[in-house]
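Subject: Structure handover

Hello,

Here is the structure for you to look through. My notes follow below it.

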Amino acid sequence: MSVLPEVLSANESYAADFGAKGELALPPARGFAILTCMDARLDPAKYAGLAEGDAHVIRNAGGRASDDAIRSLVISYKLLGTKEWFVIHHTDCGMEFFTDEVIRGLLAASLETAALDETGFHDVGTGPGSPEAKYIDWLTISDNAQSVAEDVARIRNHPLVPSSIPVYGYLYDVKSGRLVEVPEATAVGAAG
Ligand code: ZN
């Protein structure tokens, strides 16, 4: 059973009450951007108090500073004027539960969804898989505070990122909903 009818019905209700949001400007009104994980438990609009039109939210698996995330951040400041950025990873991130080697092996064997148990991910489906996974850097995480620090440093040191933009590093705690600063990341990300 597809979720499609539920999504379209929810959108009907949302659009019915859209009001003045149709008049919002393109540049984010509060002038900041958040790079965070796609994890379904994280709702940046709620955890950071955003309304439509307030801020850019860039999401990917892990909230990693991939080339594509940096592409979005550069557009965010250069064309749309953001002045402060957050990198927010989180506790219990799925990206901590595998390595490049593991996901490459899983995908080489099968394109069906793998199962997770206490010993990690295992293929339970059938083949064939594809060797294409070996050409992707999956940007997995072994220590989530360290991954925040690494990503803030990568953004800070990127030649297309001006030193005037502070980059703050935080971990979202999925048990409490709190944002916990990663001080070494925020120190590295300080505006110069
Ligand atoms: Zn995650």
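In which helix is the place of Asn-144? Asn-144 sits in helix 5, which covers residues 144-156. Please keep in mind that this is a predicted model.

Let me stay with Asn-144 for a moment. Is it buried or exposed? Its relative accessibility is 15%. Buried means under 20%, so Asn-144 counts as buried. Leaving aside residues up to four places away in sequence, Asn-144 touches His-89, His-90, Thr-91, Asp-92, Glu-96 and Leu-171. Two of those names come back below, in the strands.

Now the whole protein.

- Secondary structure comes to 6 helices and 7 strands. Along the sequence, the order is α-β-α-β-α-β-α-β-β-α-β-β-α.
- There are two parts in the domain assignment: domain 1 (25-98 + 141-192) and domain 2 (100-137). Their C-alpha centres are 28 Å apart.
- The C-alpha atoms fill a box of roughly 50 × 45 × 35 Å along the principal axes.
- Of the 192 residues, 33% are buried.
- The accessible surface is about 11,200 Å², and carbon and sulfur atoms account for 58% of that.
- Side chains include 15 positive and 27 negative ones. The centres of these two sets lie 7 Å apart.
- Take the contacts between residues at least 6 apart in sequence. Of these, 62% join residues at least 24 apart.

Next, the strands. Start with strand 1, residues 32-37. It is mostly covered, with 6 of its 6 residues buried. Strand 1 pairs with strand 2 in the parallel sense, over 6 bridges. In that pairing, Phe-32 stands opposite Ala-55 of strand 2. Strand 1 also runs parallel to strand 3 (residues 84-90), joined by 5 bridges. Two bridge partners to find on screen: Ala-33 goes with Trp-85 of strand 3, and Ile-34 goes with Phe-86 of strand 3.

Why is strand 3 described as largely enclosed by the rest of the structure? Because 5 of its 7 residues are buried. Besides strand 1, strand 3 pairs with strand 6 (residues 167-172). That pairing is parallel too, and has 6 bridges. His-89 stands opposite Leu-171 of strand 6. Both His-89 and Leu-171 are among the residues that Asn-144 touches. So if you centre your view on Asn-144, look for this bridged pair.

One loop residue to finish. Gly-53 lies between helix 2 (44-47) and strand 2 (55-60). It counts as partly exposed, because its relative accessibility is 29% and the partly exposed class runs between 20% and 50%. What does Gly-53 touch, not counting residues up to four places away in sequence? The contacts are Leu-24, Pro-27, Pro-28 and Ala-29. Take Leu-24 from that set. Leu-24 and Gly-53 are 29 residues apart along the chain. Their C-alpha atoms are separated by 6.2 Å.

For a quick tour, I suggest this order:

1. Asn-144 in helix 5.
2. His-89 and Leu-171, between strand 3 and strand 6.
3. Strand 1, with strand 2 and strand 3 as its parallel partners.
4. Gly-53 in its loop.

Best wishes

Notes: Residues numbered from 1 in each chain as written. Predicted model: local features only at pLDDT ≥ 70, side-chain atom pairs only at ≥ 80, totals over all residues. Heavy atoms only, no water. Domains from an automatic or database assignment. Helix = DSSP H or I, 4+ residues; strand = E, 2+ residues; numbered from the N terminus. Buried < 20%, exposed > 50% of the residue type's maximum accessible area, 1.4 Å probe, protein only. Contact = heavy atoms within 4.5 Å. Areas by Shrake-Rupley, 256 points an atom, 1.4 Å probe, with all protein chains shown as cover. Lys, Arg positive; Asp, Glu negative; His and termini not counted. Charge placed at Lys NZ, Arg CZ, Asp CG, Glu CD. Pairing = 2+ DSSP bridges.
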